[in-house]
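Let's take a friendly walk through a protein fold, following one strand and the parts around it. Keep the structure open as you read.

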Amino acid sequence: QVQLVESGGGLVQAGGSLRLSCAASGSTFSSYAMGWFRQAPGKEREFVGAIRWSGSSTYYADSVKGRFTISRDNAKNTVYLQMNSLKPEDTAVYYCAASTSYYSGSYYYSKPASYQYWGQGTQVTVSS
């Protein structure tokens, strides 16, 4: 069982930055791929990005590419989402998720069903 706890959300002006953290419990964190998703009111959950267990590969949605960066520190059981140049359309609840599957790749990581564990989410609000 893995428990994920996100933090770092808040209110920021357009053009600003935030860094989200996702702390994981359990000793097998380093073997999981980690993903970030977001969900705005009335919309489906949307893929933001993912990182492989080793951190050697990262994947991003086109909407955040070049603005957001995912990283992880396996010694701290934590994955990060650095968000720069934020836009009002980035406003959403952001979730981290863990995938225990052998499969990998951008298509696989972009699907919520590929993840077995989810955090409770943290709100990010970007004002114009």
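A disulfide is a pair of cysteine sulfur atoms within 2.5 Å. Chemically, it is a covalent bond between the sulfur atoms of two cysteines. Keep in mind that the model here is predicted.

**The disulfide**

By that rule, the count in this model comes to one disulfide. Cys22 and Cys96 form it, with their sulfur atoms 1.9 Å apart. The torsion about their S-S bond is about 50°, so the disulfide is right-handed. Because Cys22 lies in strand β3 and Cys96 in strand β9 (residues 92-99), the pair ties together parts that are 74 residues apart in sequence. Are these two cysteines buried or exposed? Cys22 is buried, and Cys96 is buried too.

**Strand β3 and its partners**

Now look at the strand that holds Cys22. Strand β3 covers residues 18-24, and five of its seven residues are buried, so the rest of the structure largely encloses it. Which strands does β3 pair with? The table shows them.

| Partner of β3 | Bridges | Direction | One pair of residues |
|---|---|---|---|
| β1 (residues 4-7) | four | antiparallel | Glu6 and Cys22 |
| β8 (residues 78-83) | six | antiparallel | Leu18 and Met83 |

So Cys22 has two roles in this picture, because it lies in β3 as part of the disulfide pair and is also the bridge partner of Glu6.

**The nonpolar core**

In soluble globular proteins, nonpolar side chains tend to be buried together. In this model, the largest nonpolar core has 38 residues. Those with the most contacts inside it are Leu4, Met34, Trp36, Leu81, Met83 and Tyr94. Several elements give two or more residues to this core, among them β3, β4 (33-39), β8 and α1. Which element gives the most? That is β9, with five residues.

Met83 is worth a closer look. Leaving out residues up to four places away in sequence, Met83 touches Gly16, Ser17, Leu18, Leu20, Arg67, Phe68, Tyr94 and Val124. Leu18 in that list is also the residue standing opposite Met83 across the two strands.

**A buried serine in a loop**

Finally, find Ser114, in the loop between α1 (106-109) and β10 (117-118). Why does Ser114 count as buried? Its relative accessibility is 4%, and buried means under 20%. Apart from its neighbours within four places in sequence, Ser114 is in contact with Ser99 and Tyr108.

Technical notes. Residues numbered from 1 in each chain as written. Predicted model: local features only at pLDDT ≥ 70, side-chain atom pairs only at ≥ 80, totals over all residues. Heavy atoms only, no water. Buried < 20%, exposed > 50% of the residue type's maximum accessible area, 1.4 Å probe, protein only. Pairing = 2+ DSSP bridges. Contact = heavy atoms within 4.5 Å. Core = buried A, V, L, I, M, F, W, Y, C linked by side-chain atoms within 4.5 Å.
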